[in-house]
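Trainee: Could you take me through one part of this structure up close? I'd like to see who touches whom, and then how that part fits with the rest.

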Amino acid sequence: MGNSVLESTSYAVIADNPTSFLADYPNYPGTLLDSSFSLSNSGEYLALFDGISIINEINYSNSWGGGNGYSLELLDITLNNSLSSNWNTSLVERGTPGRSNSRLLSCVPTMKNTSWSEWSLQTECLSNDTFIQ
């Protein structure tokens, strides 16, 4: 346990061995938190707390993607992260610690004119599948 404040555009990695992590990712620019636990590759329950209540939680499964040196990545932060369809295998071997997910969808709500007299709120998403290392 400990306290860390992250800005909305910053990143953090929780590592059970920070020295080993930094040897693998020497240019990691984000916050590195030491942990006494490691995550199971087969799936696990995770929760993010703000000190009072749960902000976000997930019970992930390895059947959603990842493996063989590739991370499991969330696709769209505006959608329910408990949906397996909102996850996929990273395009980048060993993941993207300290950067956006390689498959992150950039979604913005927009008003669309669906007929001459009706407007509807829709979400347009642009894929980051053209991610460059």
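Mentor: Let's settle one term before we zoom in: two residues are in contact when heavy atoms of theirs come within 4.5 Å. Keep in mind, too, that we're looking at a predicted model.

With that cut-off in hand, start at serine 90. Skip its neighbours within four places in sequence, and serine 90 is in contact with Tyr70, Ser71, Glu73, Gly95, Ser102 and Arg103. Serine 90 belongs to strand S6, which covers residues 87-93. Is serine 90 buried or exposed? Its relative accessible area is 4%, and since buried means under 20%, serine 90 counts as buried. Its side chain also makes a polar contact, at 3.3 Å, with the side chain of serine 102.

Glu73 was on that contact list, so let's hop over to it. Glutamate 73 sits in strand S5, residues 70-74. You might expect to find a glutamate out on the surface, but what does the model give? Glutamate 73 is buried, with a relative accessible area of 2%. So which residues surround it? Leaving out neighbours within four places in sequence, glutamate 73 is in contact with Asn86, Trp87, Asn88, Ser90, Thr96, Asn101, Ser102 and Arg103. Two polar partners stand out for a close look. The side chains of glutamate 73 and serine 102 are joined by a polar contact of 2.9 Å. The backbone nitrogen of arginine 103 lies 3.0 Å from a polar atom of the glutamate 73 side chain. Serine 102, then, has polar contacts with the side chains of both glutamate 73 and serine 90. For a backbone distance, take glycine 95: 22 residues along the chain from glutamate 73, with 8.3 Å between the two C-alpha atoms.

Right next door in sequence is arginine 94, in the loop between S6 and strand S7 (105-113). Its phi is near 75 degrees, which is a positive value in a residue other than glycine. Arginine 94 counts as partly exposed, at 40% relative accessibility. Asparagine 68 has a positive phi as well, near 55 degrees, and isn't a glycine either. You'll find asparagine 68 in the loop between S4 and S5, and at 79% relative accessibility it counts as exposed.

Now for the rest of the chain. It has one helix and eight strands, and from the N terminus on they run β-α-β-β-β-β-β-β-β. At the start, strand S1 (residues 12-15) and strand S2 (residues 31-34) run parallel, joined by four bridges. One of the residues involved is alanine 15, whose bridge partner in S2 is aspartate 34. Between those strands the chain passes through helix H1, residues 18-24, and this β-α-β crossover is right-handed.

There's an aromatic group to look at here too. Phe21, Tyr25 and Tyr28 form one aromatic cluster. Within it, phenylalanine 21 and tyrosine 28 are both buried.

Further on, strand S3 (residues 43-49) and strand S4 (residues 54-61) pair in the antiparallel sense over seven bridges. Leucine 46, for instance, has isoleucine 58 in S4 as its bridge partner. S3 and S4 make a hairpin with four residues between them, and glycine 51 in the turn has a positive phi of about 100 degrees.

Have a look at tyrosine 45 while you're there, in strand S3. Tyrosine 45 is partly exposed, with a relative accessible area of 43%. Not counting residues up to four places away in sequence, it touches Ile54, Glu57, Ile58 and Asn59. The side chains of tyrosine 45 and glutamate 57 make a polar contact of 2.4 Å. Tyrosine 60 is 15 residues from tyrosine 45 along the chain, and their C-alpha atoms are separated by 6.5 Å.

Finally, the whole-chain numbers. Buried residues make up 22% of the 133 residues, and glutamate 73 and serine 90 are among them. Of the contacts with a separation of 6 or more, 27% are between residues 24 or more positions apart. The chain exposes about 9,700 Å², with carbon and sulfur atoms supplying 52% of it.

Terms used. Residues are numbered from 1 along each chain as its sequence is written. This is a predicted model: local features need pLDDT of at least 70, side-chain atom pairs count only at pLDDT 80 or more; totals for chains, interfaces and linings use all residues. Side-chain values use heavy atoms; hydrogens and water are left out. Two strands pair if DSSP finds at least two bridges between them. Helices (H or I, at least four residues) and strands (E, at least two) are DSSP runs, numbered from the N terminus. A crossover is right-handed if, with the strands pointing away from the viewer, the path from the first strand over the helix to the second runs clockwise. Buried means under 20% relative accessible area, exposed over 50%, partly exposed in between (1.4 Å probe, protein chains only). A polar contact is a pair of N or O atoms within 3.5 Å; within protein, one must be able to donate a hydrogen and the other to accept it, and residues adjacent in sequence count only if both atoms are side-chain atoms. Accessible areas come from the Shrake-Rupley method with a 1.4 Å probe; for residues, only the protein chains shown count as cover. Rings of Phe, Tyr and Trp (its six-membered ring) pair if their centres lie within 6.5 Å; planes under 30 degrees apart count as stacked, over 60 as edge-to-face and the rest as tilted.
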